[in-house]
Amino acid sequence: MNYYIITKETFELVDKSQVHFMRKSLDKTKRLIATTEDVEERIRKFNNIDTCSSYTFTNHSSWVGDGTGIETWEIEEITYIPEIDD
Amino acid sequence: MAIGKINTLVLASIKKINTLAQDSWAAVNTLAHVTFTNTKAVSKTISTGTSNAITFTDTDDTFNFTESEAWTISFWVKAGWDVNLNTNIHFITGHKNNTSYQVEDGIKIAYLENNNRIQVRYGNKTTSSNTWYKDAQWLFHSNSGAYAAGYAAAGLGATYWSAANRGYVNGDNYTMITITKAATNIASSLKLYWNANAAGSAPVQNDAGTANIGTIPMSATDDRLWSVGSRGKYGSVDQDKAGNSSATLYNDVTIWDKELSASEVTSLYNSGTVMDATTHSAQSNLIGNWKWEGNGNATVSNDNFTIAGGSAIVNK
């Protein structure tokens with residue numbers, strides 16, 4: 001699995017059937033995704049799910065509204081649904 | 001004495017007894033109605049930690065449901081969070097006390113604000129790699145296919161659930177959320193009701209870690225920590241994920257040791273008027289009832305919630 005932060009525009013171009021998780025940034029301009037696809041045009045790539053989650057805790061003001069972060073269980077279990085883009 | 005006179009006396013006595021019995025029953029009914037009040041609710045502060053939590057530890061195993069048991073958990077919630085939360089709000093959790101993992105002997109009911117989904121999960125996890133869970137997620141903003149039932153049940157429209165968009169509510173702006181589980185150990189055994197509206201089985205279901213079920217069944221004897229408005233205590237986590245506003249309120253919580261039917265949930269909803277659950281037709285299966293009328297004491301069961309720190313009883 002690959003973990004990326006990409007722009008909203010790039011997200012429109014990725015293969016949604018390979019996306020397992022997607023979270024919009026609070027300002028809705030970025031997407032944090034877990035996907036089996038290799039995405040070249042990215043803002044940031046994470047080595048694994050733990051560093052991905054940890055990044056959102058450090059930069060929580062961009063990702064969550066309660067001062068915490070996106071946890072690994074959320075990335076693993078809150079499945080992206082392509083047909084409703086959520 | 002003539003037979004006719006005796007009959008007259010007997011009839012008069014029976015009438016007198018009936019009158020007395022009717023008066024007594026009316027008095028009992030009046031008393032019952034007087035004793036049920038619904039003016040208060042409980043507020044979970046957004047401050048974290050056990051010192052701010054709403055909890056009890058179930059030492060007598062009243063609520064130790066295993067994977068093969070049926071249950072129902074119902075509560076009223078008044079949404080106070082906003083749409084910029086972008087994380088999750090844990091409504092009710094019950095898991096093994098003093099544990100390393102959230103789902104260890106656990107049940108949780110949470111709202112995923114960023115996805116507009118209610119998530120229910122139960123299962124067990126005893127090591128970082130030894131886990132199984134059944135997970136059901138209902139979303140409410142898509143009126144198509146498998147999602148249409150949730151859309152119709154909630155009345156939120158295409159906008160996510162928040163203080164600004166509460167969907168179908170009662171006169172006090174509360175929603176009664178009811179989760180039922182059949183005895184079968186599968187995600188599809190979980191059903192959601194929004195007030196009396198059935199959303200059915202979840203459109204998103206995960207039956208994960210099935211191979212491990214035989215090795216780590218849920219315990220019927222471990223003490224479980226039950227929390228309202230936050231996600232319990234495990235590992236380094238201590239009663240967070242309450243949302244971003246203490247304006248979120250919880251009212252009558254009930255736990256049943258059966259899967260309530262749709263008609264029984266409708267009866268519990270009582271057209272939006274919080275009812276005395278001890279008078280419900282399934283009251284013999286009611287094993288926990290907390291009304292928050294002044295404190296966290298249980299009306300049914302001997303497990304009283306401690307309401308700590310900034311969490312408080314408030315006007316509903």
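In the predicted model, strands β6(B) and β7 (residues 131-139) of chain B pair in the antiparallel sense over nine bridges. The connection between β6(B) and β7(B) is a hairpin of five residues, and within the pairing B:G123 stands opposite B:Y133 of β7(B). Strand β6(B) also pairs with β5 (residues 106-112) of chain B, to which seven bridges join it, the two strands again running antiparallel. In this second pairing B:I107 is placed opposite B:Y122 of β6(B). The hairpin of β5(B) and β6(B) has four residues between the strands, and one of its residues, B:N116, takes a positive phi near 55 degrees.

The burial of β6(B), which spans residues 117-125 of chain B, was examined next. Nine of its nine residues are buried, so the strand is largely enclosed by the rest of the structure. Both faces of β6(B) are covered, with B:R117, B:Q119, B:R121, B:G123 and B:K125 buried on one side, and B:I118, B:V120, B:Y122 and B:N124 buried on the other.

One residue of β6(B), B:V120, recurs in the surroundings of B:L190, a residue that belongs to strand β9 (residues 190-194) of chain B. Because 24 C-beta neighbours lie inside 10 Å of B:L190, this residue counts as buried, the threshold being 20 or more. When neighbours within four places in sequence are left aside, the contacts of B:L190 are with B:V120, B:A136, B:I179, B:K181, B:S201 and B:A202. A further spatial relation links B:L190 with B:K134, since the two residues are 56 residues apart along the chain while their C-alpha atoms are separated by 9.0 Å.

In chain A, four strands form an open sheet in the order β2-β3-β1-β4, with antiparallel pairing. Its edges are formed by β2 (19-24) and β4 (44-46) of chain A, each of which pairs on one side only. On average, and with direction ignored, neighbouring strands of this sheet are turned by 20 degrees against each other. Strand β1 (residues 2-7) of chain A is joined to β4(A) by three bridges, the two strands running antiparallel, and in β4(A) the bridge partner of A:Y3 is A:F46.

Helix α2 (residues 49-58) of chain A packs on this sheet, where it touches β1, β3 (30-35) and β4 of chain A, and its direction makes about 130 degrees with that of β4(A). Among the residues of α2(A), A:C52, A:S53 and A:T56 are buried. These residues cover an arc of only 95 degrees around the axis, and they are therefore on the same side of α2(A). On the other side of the helix, by contrast, A:D50, A:T51 and A:T58 are exposed. The packing partners of the buried residues of α2(A) comprise β1, β3 and β4 of chain A, together with α3 (60-63) and α4 (72-77) of chain A.

The two chains are also in contact with each other, with 12 residues contributed by chain A and 14 residues by chain B. On the side of chain A that touches chain B, the residues divide into five nonpolar, three polar and four charged.

Methods:
Residues numbered from 1 in each chain as written. Chains lettered and ligands numbered in written order. Predicted model: local features only at pLDDT ≥ 70, side-chain atom pairs only at ≥ 80, totals over all residues. Pairing = 2+ DSSP bridges. Axes fitted to C-alpha atoms, helices over the stretch in contact; angles between N-to-C directions. Contact = placed C-beta atoms within 7 Å. Buried ≥ 20, exposed ≤ 12 C-beta atoms within 10 Å, placed from the backbone. Arc of directions from axis to C-beta. Nonpolar A, V, L, I, M, F, W, Y, C, P; charged D, E, K, R; others polar.
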